[in-house]
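Visitor: I have a new model open in front of me and I'd like to learn how to read it. Could you walk me through a few features?

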Amino acid sequence: LLRLQAGSTDNEQLRQALTETQNRISAIAGMHRSLYTYDNVSHVEMDRYLLALVKDISGTIDTREHSVEIVVEADPIQLAADKAVSAGMIVTELVTNALKYAYPEGTAGKIIVSLKRQCETKARLAVEDFGVGLNSQHNNPSSTGLGQKIIKSMADAIGSGITYPPREKGAVAEVMVNLESSIEV
């Protein structure tokens, strides 16, 4: 319904808001699909979930038009369902932002979504690009800031919050996910 509504409006801001809402719903729907395909509905296999989530995002936002490749690099980690939902929302928001702002129109690029175990109790969830950088990305006057609020809230819920380590080119956002009560495949 959101896709139909977005396609039927001439208002670009409304179309963008509906598309962003659709992406948020897709993240939660993807988690539910992951849950219902396994015997154990309390945990989600994150490598498979992140691949499916990125595929859903790519289907909603035409990455060919932007010439952007999205790559998933995930260790075989299972997260509790509530943490998986939060991680999915974080990834959806960050990938959507990178698709919209990291690479100027017509510029090719790459976005990497990674979930890598750091130690027995922590994993690093990150979304990185090699585009224009955060200063350029966050100077969007039409932004409501809702995405950043969602990211912060979800990152606080699953770990130690979100950080944006400095880098010369592009941007990286990372969350150290608390793996306690999660299991490794």
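Guide: Happy to. Let's begin with burial: a residue counts as buried when its relative accessible area is under 20%, and as exposed when that value is over 50%. Keep in mind that this is a predicted model.

Visitor: Good, let's try that on a helix. Which residues of H7 are buried?

Guide: In H7 the buried ones are Gly-147, Ile-150, Ile-151, Ala-155 and Ile-158. Looking down the axis of H7, these fall within an arc of 120°, so they line one face of the helix. Lys-149 and Ala-157 sit on the other side of H7 and are exposed.

Visitor: Why would residues spaced like that point the same way?

Guide: The general idea is that an α-helix has 3.6 residues a turn, so residues three or four places apart point the same way. You can check the length of this helix too: H7 covers residues 146-158, and at 1.5 Å a residue its 13 residues should span 18 Å. The end C-alpha atoms are 19 Å apart, which agrees.

Visitor: What does Glu-93 touch, apart from its neighbours within four places in sequence?

Guide: Its contacts are Arg-24, Gly-147, Ile-150 and Ile-151. Three names there should ring a bell: Gly-147, Ile-150 and Ile-151 are among the buried residues of H7. Glu-93 itself belongs to helix H5, residues 81-101, and is buried, with a relative accessible area of 5%.

Visitor: On to charges. How do I read salt bridges?

Guide: Side chains of opposite charge can pair when their charged atoms come close. In this model the count comes to six salt bridges. Take Glu-174 and Arg-124, whose closest N and O atoms are 2.5 Å apart. That pair links distant parts of the chain, with Glu-174 in strand E7 (residues 171-178) and Arg-124 in strand E5, 50 residues apart. Glu-174 is buried at 17% relative accessible area, while Arg-124 is partly exposed at 21%.

Visitor: And what does Glu-128 pair with?

Guide: With Arg-167, the closest N and O atoms being 2.9 Å apart. Glu-128 lies in E5 and Arg-167 in the loop between strand E6 and E7, so this pair ties together parts that are 39 residues apart in sequence. Glu-128 counts as buried at 17%, and Arg-167 is partly exposed at 29%. For another case, go back to H7: Lys-152 forms a salt bridge with Asp-156, with closest N and O atoms 2.8 Å apart. Being four residues apart in H7, the two are separated by about one helical turn. Lys-152 is partly exposed at 48%, as is Asp-156 at 39%.

Visitor: How many residues are in the largest nonpolar core?

Guide: It has 34, and Met-46, Leu-79, Val-91, Val-95, Ile-111, Val-113 and Leu-125 have the most contacts inside it. Elements giving it two or more residues include H3, H5, E5 and H7. H5 supplies the largest share, eight residues. Try clicking on Val-91: leaving out residues up to four places away in sequence, it touches Leu-50, Leu-53, Val-113, Leu-125 and Val-127.

Visitor: Where is the confidence lowest and where is it highest among the elements?

Guide: Where pLDDT is low, the predicted coordinates should not be read in detail. Here the lowest mean pLDDT, 46, belongs to strand E8 (residues 183-184), and the highest, 97, to strand E5 (residues 122-129). The chain averages 83, and 82% of the residues score at least 70.

Notes
Residues are numbered from 1 along each chain as its sequence is written. This is a predicted model: local features need pLDDT of at least 70, side-chain atom pairs count only at pLDDT 80 or more; totals for chains, interfaces and linings use all residues. Side-chain values use heavy atoms; hydrogens and water are left out. The expected span of a helix is 1.5 Å times one less than its number of residues. Buried means under 20% relative accessible area, exposed over 50%, partly exposed in between (1.4 Å probe, protein chains only). The arc is that of the directions from the helix axis to the C-beta atoms. Contact means heavy atoms within 4.5 Å. pLDDT is the predictor's confidence in each residue, from 0 to 100. A salt bridge is a side-chain nitrogen of Lys or Arg within 4 Å of a carboxyl oxygen of Asp or Glu. A nonpolar core is a set of buried Ala, Val, Leu, Ile, Met, Phe, Trp, Tyr and Cys residues joined through side-chain atoms within 4.5 Å.
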